[in-house]
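Reader: I should be grateful for a close look at the nonpolar interior of this protein. Please describe how it is assembled and what lies around it.

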Amino acid sequence: MNDPIIYIVSDSVGETAELVTKAAVSQFNGSHAVIKRFPYVEDRSHIDEVIDLAKIEKGLIVYTLVKPDVRDYMKQQAQKEGIVNFDLLGPLMNELESLYGRPPLMEPGLVRKLDEEYFKKVEAIEFAVKYDDGRDPRGLLKADVVLIGVSRTSKTPLSQYLAHKRLKVANVPLVPEVDPPEELFTIPREKCFGLKISPAKLNEIRKERLISLGLSDNASYADLERIKAEIAYSERMMERIGCEVIDVTNKAVEETANIILSKYHKRK
């Protein structure tokens, strides 16, 4: 017996139908099938071509077609020519329409769009980790958004929050004893955001951080005069870069993120 020929027909790329078909074939141990995929089938002329081929080669048609008129035409023509056909999406969509009490969107390729959005998010999260805390200045050139500020101004959690919104974010700590990377002065200033905070608030945050680490809260890291010097230095750097400055003193990460997202999308 020759291997059966299975035509995969979809109004998107056809991955779903092919995976389901391969899963079914795999249950017949040692058996194989010739799978031919026909993606982006959206009109009757394309369906007629597949029907003609399947009729000649005595093939089987498996399809995932979202639009009812295209789906119905496929079924009618296949039955007319005596071709075995399986509609993978139609019956389930009909049942879901009854359950949800509303019609489906009838837009091909939505699963793929969702997958693309998911992978963009994963990529952005990995980017934020890789270019966190000024680890690699080259990330500044690739980033959608660059955050700068002294230690404990929520640069890392803000980077991660924005990454979940699919933005590639790099952040750089500003420390008086360490020169900022040159890349910071070559990137477009509109994609850079400076985070500022009141000395008193930063003093409180840093003391809590030291205590959580089991250290004395009177270390220079939490010294108020040291903090004022750091903030003054960071303000000079922000002014030199010409970036927008956001006061995060009494803001939650979500609030700051929304400001940045709004600015970013207006630019786009």
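Author: A nonpolar core is here a set of buried Ala, Val, Leu, Ile, Met, Phe, Trp, Tyr and Cys residues joined through side-chain atoms within 4.5 Å. The model is a predicted one. In it, the largest nonpolar core comprises 19 residues, and those with the most contacts inside this core are V145, L147, L158, L162, L167 and I260. Two or more residues apiece are given to this core by the strands β5 (145–149) and β7 (192–196) and by the helices α7 (155–163), α9 (224–241) and α10 (253–267). Helix α10 supplies the largest share, four residues.

L167 merits separate attention. Neighbours within four places in sequence aside, L167 is in contact with A124, D144, V145, L162, L261 and Y264. Apart from the largest core lies another, of 17 residues, which include V146, I148, C192 and Y233. As a general matter, nonpolar side chains in soluble globular proteins tend to be buried together.

Burial may also be followed along helix α1 (residues 15–25), where the buried residues are A17, E18, T21 and V25. These residues lie on the same side of α1, because they cover an arc of only 95° around the axis. Their cover includes the strands β1 (5–10), β2 (34–38) and β3 (60–64).

A further buried position is found in helix α3 (residues 68–80), which contains Q77. Q77 counts as buried because its relative accessibility is 16%, and the cut-off for burial is under 20%. Residues up to four places away in sequence not being counted, Q77 touches D48 and I51.

Key: Residues are numbered from 1 along each chain as its sequence is written. This is a predicted model: local features need pLDDT of at least 70, side-chain atom pairs count only at pLDDT 80 or more; totals for chains, interfaces and linings use all residues. Side-chain values use heavy atoms; hydrogens and water are left out. Buried means under 20% relative accessible area, exposed over 50%, partly exposed in between (1.4 Å probe, protein chains only). The arc is that of the directions from the helix axis to the C-beta atoms. Contact means heavy atoms within 4.5 Å.
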